[in-house]
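Here are some friendly notes to read alongside the model. Take the points in order, and keep the 3D view open as you go.

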Amino acid sequence: MSRERAPLAPVGVFGGTFDPVHYGHLRSALELVERLQLDHLRLMPCAVPPHRDLPTCAAAHRAAMVALAVAGEPRLVCDSRELEREGISYTIDSLAELRRELGEGHSLCLVMGCDAVHGIATWHRWQELLDLAHVVVIARPGWQLPAAGPVADWLHRHRVAGPLPLRERPNGGILIEELRPLAISSTEIRRLLASGRSPRYLLPQAVLDYIETHNLYH
Ligand code: ATP
């Protein structure tokens with residue numbers, strides 16, 4: 001093992017409701033691990049989202065499905081820390097915990113989709129996110145980034161051109177990455193299930209088996 005590289009390989013964290021997790025999340029996660037040369041990426045299901053209705057499915061089920069989806073891929077990890085905290089799941093609190101665990105100098109990358117970026121100015125203490133981590137934005141089909149206003153300024157001020165600065169500093173940069181577009185959403189999977197149709201091949205079979213065993217989304 002390389003003694004120089006190991007401590008510096010950035011850690012990624014990808015928050016979401018994962019209601020349920022699907023191949024859009026998983027393929028993006030793996031592509032980011034390889035492009036950014038992450039040590040690993042943590043998929044972190046949100047227990048109580050601040051800005052949307054409670055997910056259809058209990059947090060414990062959503063985390064169990066993430067764990068099944070990443071089994072066998074050591075570079076992807078289910079991080080269920082938000083299930084263990086009381087109250088609303090604020091990303092800033094999770095980043096502060098991760099920062100304490102990793103130490104000051106270790107690069108930490110918060111991954112989010114373009115849709116999340118549009119709402120970011122409503123996030124609790126959003127302007128402190130970059131004090132704790134870098135932000136990696138997944139450019140998603142059909143989504144544009146804000147062109148004017150405080151979020152556009154924030155993107156412009158902190159944007160970096162490629163992955164290298166994310167390895168060289170522990171936090172503070174914003175990278176926008178275009179990944180393979182997969183037009184899959186949890187909403188569509190829930191709709192298919194609710195209407196008796198199959199979401200097979202949009203998500204791992206182990207996740208679909210779990211949904212059927214626990215009679216979720218019907
Ligand atoms: P829903 O349809 O319930 O809103 P979703 O499919 O968008 O769910 P979330 O769990 O809300 O999934 O998303 C977590 C993160 O994953 C968000 O930042 C979102 O932008 C991103 N994401 C969701 N689907 C995809 C996809 N197909 N490709 C890339 N990123 C995705």
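A residue is called buried when its relative accessible area is under 20%, and exposed when that value is over 50%. Keep those two cut-offs in mind for the points below, and remember that this is a predicted model.

1. **A buried glutamate.** Start with glutamate 31, which sits in helix H1, residues 23–35. Is glutamate 31 buried or exposed? Its relative accessible area is 8%, and buried means under 20%, so glutamate 31 counts as buried. Setting aside neighbours within four places in sequence, you will find glutamate 31 in contact with Leu179 and Arg180.

2. **An exposed glutamate.** Now look at glutamate 104, in the loop that lies between helix H3 (91–102) and strand S4. The relative accessible area here is 67%; exposed means over 50%, so glutamate 104 is exposed. Which residues does glutamate 104 touch, leaving aside neighbours within four places in sequence? The contacts are Arg99 and Pro170. For a sense of distance, try tryptophan 123: it is 19 residues from glutamate 104 in sequence, and their C-alpha atoms are 23 Å apart in space.

3. **The whole chain.** Stepping back, you can count nine helices and six strands in the chain. The radius of gyration is 17 Å, close to the 17 Å that the globule rule gives for 218 residues, so the chain is as compact as a globular protein of that length. Along the principal axes, the C-alpha atoms fill a box of roughly 50 × 45 × 35 Å.

4. **Inside and outside.** How much of the chain is buried? Of the 218 residues, 50% are buried. The chain exposes about 10,900 Å², and 51% of that comes from carbon and sulfur atoms. Contacts also link distant parts of the sequence: among those between residues at least 6 apart, 74% join residues at least 24 apart.

5. **Charges.** The side chains include 23 positive and 25 negative ones. If you take the centre of each set, the two centres lie 3 Å apart.

6. **Strand S4.** Next, find strand S4, residues 108–113. How many of its six residues are buried? The count is six of six. Both faces of S4 are covered, with Leu108, Leu110 and Met112 on one side and Cys109, Val111 and Gly113 on the other.

7. **Partners of S4.** Strand S1 (11–16) runs parallel to S4, and four bridges join them. One pair to look for is valine 11 with its bridge partner leucine 108 in S4. S4 also pairs with S5 in the parallel sense, over five bridges. Between these two strands, cysteine 109 has histidine 134 of S5 as its bridge partner, and valine 111 has valine 136 of S5.

8. **Strand S5 and onward.** S5 covers residues 134–139, and five of its six residues are buried. Strand S6 (residues 174–178) pairs with S5 in the parallel sense over five bridges. Valine 136, already met as a partner of valine 111, has leucine 175 as its bridge partner in S6.

9. **A cis peptide bond.** Most residues other than glycine have a negative phi, and most peptide bonds are trans. With that in mind, check the bond joining aspartate 19 and proline 20: this one is cis, with omega about 0°. Proline 20 has its place in the loop between S1 and H1.

10. **Two tyrosines with positive phi.** Tyrosine 201 is not a glycine, yet its phi is positive, about 75°. You will find tyrosine 201 in the loop between helix H8 (186–194) and helix H9 (205–213). Tyrosine 217, in the segment after H9, also has a positive phi, near 65°. Which way does each side of the buried or exposed question fall? Tyrosine 201 has a relative accessible area of 65% and is therefore exposed, whereas tyrosine 217, at 9%, is buried.

Definitions and conventions: Residues are numbered from 1 along each chain as its sequence is written. This is a predicted model: local features need pLDDT of at least 70, side-chain atom pairs count only at pLDDT 80 or more; totals for chains, interfaces and linings use all residues. Side-chain values use heavy atoms; hydrogens and water are left out. Buried means under 20% relative accessible area, exposed over 50%, partly exposed in between (1.4 Å probe, protein chains only). Two strands pair if DSSP finds at least two bridges between them. Contact means heavy atoms within 4.5 Å. The radius of gyration is taken over C-alpha atoms; the globule rule is 2.2 Å times the number of residues to the power 0.38. Accessible areas come from the Shrake-Rupley method with a 1.4 Å probe; for residues, only the protein chains shown count as cover. Lys and Arg count as positive and Asp and Glu as negative; His and the chain ends are not counted. The place of a charge is taken as NZ of Lys, CZ of Arg, CG of Asp or CD of Glu.
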